[in-house]
Amino acid sequence: MACFWTALILCIVAAIHNQVGVIEASIDIGVCYGTNGNNLPPAADVIGLYKKYGIGKIRLFEPNPATLEALRGSQIAVAIGIRNDDLPNLAASQEATNSWFTTNIEPYLKDVLFSFISVGNEVLPGANGQYIAPTMQNLQTILNDRNLHGIKVTTVVHAATLAASYPPSNGTFSAEVQADILKILQFLSAQGSPLMINVYPYFAYASDPVNVRLDYAQFTATGPVVQDGSLSYSNLFDAIVDAFHWAMEKEGITNVDVAVSESGWPSAGNGNLTTPELAQTYNKNFMAHVMSNGTPKRPKEYIEGFIFSMFNENLKPPGVEQNWGLFEPNMQPVYPVFPPSI
């Protein structure tokens, strides 16, 4: 009888351990996988690295067959982008969009978990902005026809789309993007999809380190730094996100959430403004913040977040641009952010 109870206890302990392991094996944060380097590891090894560190989401800037093959069965949620140069063709033709989908998404649907299709990256402001909304609609037609309601269609915009962002309640879209952004927001509102935004407190701090406080940029301020009416801001990230919320509301759109498609801090390239310690502090705090908090304007809103980026990429311009990675090309951490899960 004692053996029975011992065995039962061991089974319970093992079950608890397995449950904890499942939780630890997938962190609710994403990392962007850029490939602008000539010394990066093979895609299969990269996906193995995501698994090793329990990174539960990946953002791909464009379809890559080797990466998608490596993602089969991984249960890593995939946000995949359409190249900016492809938008005019896809916007002009449902048939062309069908062909893009058949080539880049359909072969992987059974065992790759797609969460987002992003129609372009930082297209606005620019001449190709007019093609975003039509391409979105063409993609949505495909998803509706195939009953693929778990995949959300969106686009990625950056701070240049805002004419004003300080204080957050002054957030407005620039006149240059207004016509295009309104069509995009109307689509997102109708489909229940978020607007993806790239949020970089680093750039605000680096451009004016005298007046933009480091603790405000790094989530380390111990109290409010900016007061905007009844809303208090202790970090610049929330202020930028809420500027987008205000800007959308001024376009008459109140029900579109945001997802942060990129955020991070470079570890080198700009003197003492870019050190591994500062990059580690920002990215750890960013992870903790988006996994547990909304913003002052929308405190209960979940924010999907992606760190930029997985690797230092040596084919980018020298300096800061080469030093956003969490890992070196040899797959060693530039600085520790994720504890290994296996």
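Hi everyone, let's start inside the protein: about 40 Å³ of space lies in the largest cavity. Please keep in mind that this is a predicted model. The structure has one cavity of 30 Å³ or more. Who lines this space? Arg59, Leu60, Phe61, Ala79, Ile80, Gly81, Ser118 and Asn121 do. Strands β2 (55-60), β3 (77-82) and β4 (113-121) each give two or more residues to that lining, and β3 gives the most, with three. By class, the cavity lining has four nonpolar residues, three polar and one charged.

Now to the open spaces. The largest pocket holds about 640 Å³. Of its 28 lining residues, Ala159, Tyr200, Ala204, Leu236 and Ile240 are the closest to the centre. Two elements, α8 (201-207) and α10 (236-250), give two or more residues to this lining. Which gives the most? That is α10, with four residues. The lining divides into 19 nonpolar, five polar and four charged residues.

The second largest pocket comes to about 310 Å³. Its lining has 17 residues, with Tyr33, Thr35, Leu60, Phe61 and Glu62 nearest the centre. You've met Leu60 and Phe61 already, in the lining of the largest cavity. Here the classes are six nonpolar, seven polar and four charged.

One last stop, for those who like charges: Asp180, in helix α7 (residues 178-191). Asp180 is buried but has no salt bridge. How far away is the nearest side chain of opposite charge? That side chain is Lys183, at 5.2 Å. Beyond neighbours within four places in sequence, Asp180 is in contact with Leu124, Gly129 and Gln130. Thanks for listening!

Conventions. Residues are numbered from 1 along each chain as its sequence is written. This is a predicted model: local features need pLDDT of at least 70, side-chain atom pairs count only at pLDDT 80 or more; totals for chains, interfaces and linings use all residues. Side-chain values use heavy atoms; hydrogens and water are left out. On a 1 Å grid over the protein atoms alone, a cavity is a set of points where a 1.4 Å probe fits but cannot get out, and a pocket is an open set with protein on both sides within 12 Å along at least five of seven lines; lining residues have an atom within 4 Å of a point. Grid points are joined across faces, edges and corners, and a volume is the space filled by probe spheres set on the points. Ala, Val, Leu, Ile, Met, Phe, Trp, Tyr, Cys and Pro count as nonpolar, Asp, Glu, Lys and Arg as charged, and the others, Gly among them, as polar. Buried means under 20% relative accessible area, exposed over 50%, partly exposed in between (1.4 Å probe, protein chains only). Lys and Arg count as positive and Asp and Glu as negative; His and the chain ends are not counted. A salt bridge is a side-chain nitrogen of Lys or Arg within 4 Å of a carboxyl oxygen of Asp or Glu. Contact means heavy atoms within 4.5 Å.
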